[in-house]
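Work through the exercises below with the sequence and the coordinates at hand. Each task is followed by a solution in steps.

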Amino acid sequence: MLNLSNVQHFSVGDGDGIRTTVFLKGCNLRCPWCHNPENLCKEPTVLHYRSTGKTELFGRRVSAEELLTELLEDRDFYEESGGGVTFSGGEAMLQANALVPVVKALKDGNVSTLIDTAGCVPYALFELLNPYVSGYLFDFKTADAEKYKSIGGDLDLVTANICRLLSDDVAVLIRIPLIPDFNCDSGSVQAICLHLQRLGVKRVELIPFHRLGSAKYEAMGLEYAYKNKEPLKADEIEKTEAVYRNYFAVKTER
Ligand code: SF4
């Protein structure tokens with residue numbers, strides 16, 4: 001069974017074309033800026049919005065067959081737009097075993113699949129999925145091992161997994177969140193560029209931090225550590241992008 005929080009139809013941005021994004025519950029990292037707090041734990045999560053009185057429940061267990069039926073409803077849109085299905089989270093890779101029959105059946109049906117991951121899992125889990133998926137959207141957060149540790153991650157593991165994926169000729173798009181006071185100062189940007197260049201990365205996508213998750217924290221009765229953090233201004237994003245362009249082909253989410 002798969003443990004999902006949400007299936008978002010007609011989504012754009014997490015890969016090419018029109019996509020269905022499946023958000024899986026559970027994450028092994030704890031990034032303080034995370035904008036999907038409802039996906040962090042494996043247990044069902046209730047969000048209660050005081051302003052509207054609306055209550056939402058995130059968390060349901062579905063079989064591979066049930067999920068496939070839902071995903072294939074949008075097949076015509078995938079075909080017409082060059083889209084497909086993206087598995088996100090949380091950390092989608094934590095459910096790699098349960099995902100195998102889903103991505104295999106989608107591949108058999110000529111539907112492209114992408115996995116959005118922070119990559120802090122054993123490579124054996126990637127090996128389960130590599131034969132069937134079209135590629136990975138691989139978040140890289142910092143080249144500083146201590147900072148990775150501070151969010152529950154492991155720079156060595158992330159680095160090794162990127163290397164293995166590249167050497168196994170699997171499509172990997174490195175995505176870097178631009179997080180104020182974490183990885184956007186010039187030293188951090190330079191260190192990330194050099195680190196990824198050494199691994200042979202050619203293309204990155206930059207994802208500027210936003211505070212759209214604030215309301216969810218409030219609805220969960222949690223304090224959002226980034227509630228008052230200012231997102232980067234347009235000129236700061238451009239400056240950062242310009243540095244990345246010295247090393248890579250760059251696309252920035254706007
Ligand atoms: S890895 Fe992604 S889902 Fe997990 S805590 Fe960090 S931002 Fe949130």
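**Exercise 1. The surroundings of Val-170**

Task: find which residues Val-170 touches, leaving out those up to four places away in sequence.

Solution. The model is a predicted one.
Step 1. Val-170 touches Asn-130, Gly-135, Tyr-136 and Leu-165, once residues up to four places away in sequence are set aside.
Step 2. Place the residue in the chain: Val-170 sits in the loop that runs between helix 6 (155–167) and strand 9 (172–178).
Step 3. Take one of the partners, Tyr-136. Val-170 and Tyr-136 are 34 residues apart in sequence, while their C-alpha atoms are 8.0 Å apart in space.

**Exercise 2. The exposure of Val-170**

Task: decide whether Val-170 is buried, exposed or partly exposed.

Solution. Step 1. Count the other C-beta atoms within 10 Å of Val-170: there are 18.
Step 2. Apply the cut-offs: a residue is buried at 20 or more and exposed at 12 or fewer.
Step 3. The count of 18 lies in between, so Val-170 is partly exposed.

**Exercise 3. The chain as a whole**

Task: describe the make-up of the chain and compare its radius of gyration with the globule rule.

Solution. Step 1. The chain has 9 helices and 11 strands.
Step 2. Its radius of gyration is 18 Å, close to the 18 Å that the globule rule gives for 254 residues, so the chain is as compact as a globular protein of that length.
Step 3. Along the principal axes, the C-alpha atoms fill a box of roughly 50 × 50 × 35 Å.
Step 4. Of the 254 residues, 38% are buried.
Step 5. Among contacts with a separation of 6 or more, 71% are between residues 24 or more positions apart.

**Exercise 4. The sheet and strand 2**

Task: give the strand order of the open sheet, then trace the pairing of strand 2.

Solution. Step 1. The open sheet has 9 strands in the order 5-1-2-6-7-8-9-10-11, with mixed pairing.
Step 2. Strand 5 (60–62) and strand 11 (249–252) are the edge strands, each pairing on one side only. The twist from one strand to the next averages 35°.
Step 3. On one side, strand 2 pairs with strand 1 (residues 2–13) in the antiparallel sense over 6 bridges. A hairpin through 1 residue joins strand 1 to strand 2.
Step 4. Strand 2 (residues 15–24) also runs parallel to strand 6 (residues 84–88), joined by 5 bridges.
Step 5. Thr-21 in strand 2 stands opposite Gln-8, and Thr-21 also stands opposite Thr-86 in strand 6.
Step 6. Strand 2 is mostly covered, with 7 of its 10 residues buried.

Technical notes: Residues are numbered from 1 along each chain as its sequence is written. This is a predicted model: local features need pLDDT of at least 70, side-chain atom pairs count only at pLDDT 80 or more; totals for chains, interfaces and linings use all residues. Helices (H or I, at least four residues) and strands (E, at least two) are DSSP runs, numbered from the N terminus. Two residues are in contact if their C-beta atoms, placed from the backbone, lie within 7 Å. The radius of gyration is taken over C-alpha atoms; the globule rule is 2.2 Å times the number of residues to the power 0.38. Two strands pair if DSSP finds at least two bridges between them. Axes are lines fitted to C-alpha atoms, for helices over the stretch in contact, and angles run from 0 to 180 degrees between N-to-C directions.
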